[in-house]
Number of protein chains: 2
Amino acid sequence: MRTTPPGPDTRGDARPESGTRGRTRRAILDAAAEVLARNRRATLADIAQAAEVGRSTLHRYFPDRDELVSAAVEDSLAHMAQALEEAAIDQGPALDAMRRLATALVGAGDRLVFVFGDPHIFEQLPDEEDDPTDRQVLALIERGQAEGAFDPEADPVWIRGVLWALVYTGAEMAARGTMPRHVAAANTVRTLERGICAAGGGGTAQ
Amino acid sequence: MRTTPPGPDTRGDARPESGTRGRTRRAILDAAAEVLARNRRATLADIAQAAEVGRSTLHRYFPDRDELVSAAVEDSLAHMAQALEEAAIDQGPALDAMRRLATALVGAGDRLVFVFGDPHIFEQLPDEEDDPTDRQVLALIERGQAEGAFDPEADPVWIRGVLWALVYTGAEMAARGTMPRHVAAANTVRTLERGICAAGGGGTAQ
DNA sequence: TCTTAGTGGGACATTAGTGTCCCAAAAAGC
DNA sequence: GCTTTTTGGGACACTAATGTCCCACTAAGA
């Protein structure tokens with residue numbers, strides 16, 4: 001007599017990820033971010049197909065759509081958090097830190113587009129204030145302003161918005177194949193630093 | 001005996017928009033852009049409700065979802081085209097033209113978010129190359145580079161991407177109430193001109 | 001090799017969204 | 001005022017998407 005039904009073993013947290021299961025879960029989450037980034041109305045069947053997984057397998061891992069989306073969001077945020085971790089943005093000059101950050105985030109590609117491309121998802125993120133990733137970014141911005149590296153007159157919240165928007169643009173262009181990733185990253189950094197104007201007479205700011 | 005069924009009169013193009021019908025159509029298109037900008041999975045019922053219109057009325061104007069979306073996209077593009085027209089971006093110094101353009105577009109708000117926020121919609125726009133709006137924007141960028149106002153080393157396509165991204169950010173913040181519209185527009189222009197760095201030591205490009 | 005975990009796919013039931021039709025009532029236009 | 005247009009809502013059929021279950025098959029691991 002079998003006591004446990006087939007399918008992924010969810011009881012307890014003892015085994016975090018057993019080989020096969022881990023890989024399947026990965027594949028599904030990756031596919032979800034990729035597919036949903038491009039089409040918010042994609043069906044579960046679309047996602048399963050992209051993950052090269054049966055639709056029933058997908059349901060085995062994520063009982064319903066909401067759970068899948070939540071998990072994919074969480075996973076994507078984790079990816080970004082790790083990219084941010086590796087960029088060590090609390091170290092060195094703020095300008096350099098920002099460069100590392102932008103480069104790292106452009107590399108996060110689809111996941112960025114997925115999470116921030118959909119206002120609906122975006123709005124119901126675990127309170128912005130509480131998100132450690134966001135805190136770190138804001139901290140960097142404020143540090144940069146204090147150091148005199150970033151525009152002191154601009155609202156930090158605005159700068160954060162700009163940062164995400166430009167990184168998003170870079171990630172999107174890279175994902176779309178408009179330009180190779182490293183070029184996109186370089187452009188992002190360059191634009192962050194000087195806008196789109198020529199070196200000399202650019203900022204005739206009021 | 002009545003020969004014409006109730007509902008909007010679509011025969012011929014004689015009468016472009018009879019008062020009531022025009023207003024209803026407007027309301028639906030506005031609501032569609034607004035609602036879809038915030039939630040791509042919104043249902044027709046959601047849109048009808050936002051437009052303060054019965055679901056059957058909505059169907060009367062737009063037989064199916066695809067037609068509604070197409071019409072809403074077209075309408076939004078028309079709005080932007082008009083904003084662009086009013087900005088007269090082919091006149092005066094490129095820098096000034098860009099300021100006018102950015103300001104005008106931030107004002108387009110939801111419509112911008114609607115059209116450019118969804119890669120799925122965005123990708124199936126009438127060939128980018130053929131879109132006159134886009135041509136004008138690219139022309140402005142190239143003119144700006146020729147005039148020495150815009151960064152001559154940056155790819156015009158990249159600059160266009162940046163322009164849309166920052167305008168989008170401004171529009172979103174205004175729509176979300178984070179800051180009043182005119183502040184958002186000012187921030188957009190300022191960032192376009194000088195990035196996020198302080199005036200003096202900013203662009204230590206590479 | 002043998003056992004077990006994990007999978008794919010088919011066959012459903014259920015639901016949510018879509019699209020159609022009709023009719024009484026409200027609004028617009030005269 | 002009266003006529004015509006337009007509307008909202010209900011009832012409906014239809015479809016796509018979701019979620020559940022089962023079973024045979026395969027890959028992984030002892």
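## Surface and make-up of chain A

Chain A exposes about 10,300 Å², with carbon and sulfur atoms supplying 49% of it; accessible areas come from the Shrake-Rupley method with a 1.4 Å probe, and for residues only the protein chains shown count as cover. This is a predicted model, in which local features need pLDDT of at least 70 and side-chain atom pairs count only at pLDDT 80 or more, while totals for chains, interfaces and linings use all residues. Residues are numbered from 1 along each chain as its sequence is written, chains are lettered from A and ligands numbered from 1 in the order in which they are written, and side-chain values use heavy atoms, leaving out hydrogens and water.

Chain A has 10 helices and zero strands. Here helices (H or I, at least four residues) and strands (E, at least two) are DSSP runs, numbered from the N terminus. Of the 206 residues in chain A, 50% are buried; buried means under 20% relative accessible area, exposed over 50%, and partly exposed in between (1.4 Å probe, protein chains only). Among the contacts in chain A with a separation of 6 or more, 64% join residues 24 or more positions apart, where contact means heavy atoms within 4.5 Å.

## Two matching copies

Chain B can be laid on chain A by a turn of 180° and a shift of 0.0 Å along the axis, with an RMSD of 0.1 Å. The two copies are thus related as by a two-fold rotation axis. In chain B, the C-alpha nearest that axis belongs to B:Gly195, 1.9 Å away. The superposition is by least squares on the C-alpha atoms of residues with pLDDT of at least 70 in both copies.

Both copies use the same surface: 100% of the contact residues of chain B recur in chain A.

## The nonpolar core

A nonpolar core is a set of buried Ala, Val, Leu, Ile, Met, Phe, Trp, Tyr and Cys residues joined through side-chain atoms within 4.5 Å. The largest one has 134 residues, and those with the most contacts inside it are A:Ile47, A:Leu68, A:Phe114, B:Ile47, B:Leu68 and B:Phe114. Leaving aside neighbours within four places in sequence, B:Leu68 touches residues including B:Ile28, B:Leu44, B:Ile47 and B:Phe62.

## Meeting the DNA

Let us turn to the DNA strands. DNA strand C is surrounded by 23 residues, the closest being A:Arg21, A:Thr24, A:Ser56, A:Thr57 and B:Arg65; a residue is near a strand if one of its heavy atoms lies within 4 Å of it. A phosphate oxygen of strand C is 2.5 Å from a side-chain N or O atom of A:Thr24, and a polar side-chain atom of A:Thr57 also lies 2.5 Å from a phosphate oxygen of this strand. The side chain of B:Arg55 has an N or O atom 3.0 Å from a base oxygen of strand C.

DNA strand D also has 23 residues around it, and B:Arg21, B:Thr24, B:Gly54, B:Ser56 and B:Thr57 are the closest. A polar side-chain atom of A:Arg55 lies 2.9 Å from a base oxygen of strand D, while B:Thr57 has a side-chain N or O atom 2.5 Å from a phosphate oxygen.

## A buried aspartate

B:Asp75 sits in helix H4 (residues 65–87) of chain B and is buried, with a relative accessible area of 14%. Its side chain makes a polar contact with that of B:Arg26 (2.7 Å). Such a contact is a pair of N or O atoms within 3.5 Å; within protein, one must be able to donate a hydrogen and the other to accept it, and residues adjacent in sequence count only if both atoms are side-chain atoms.
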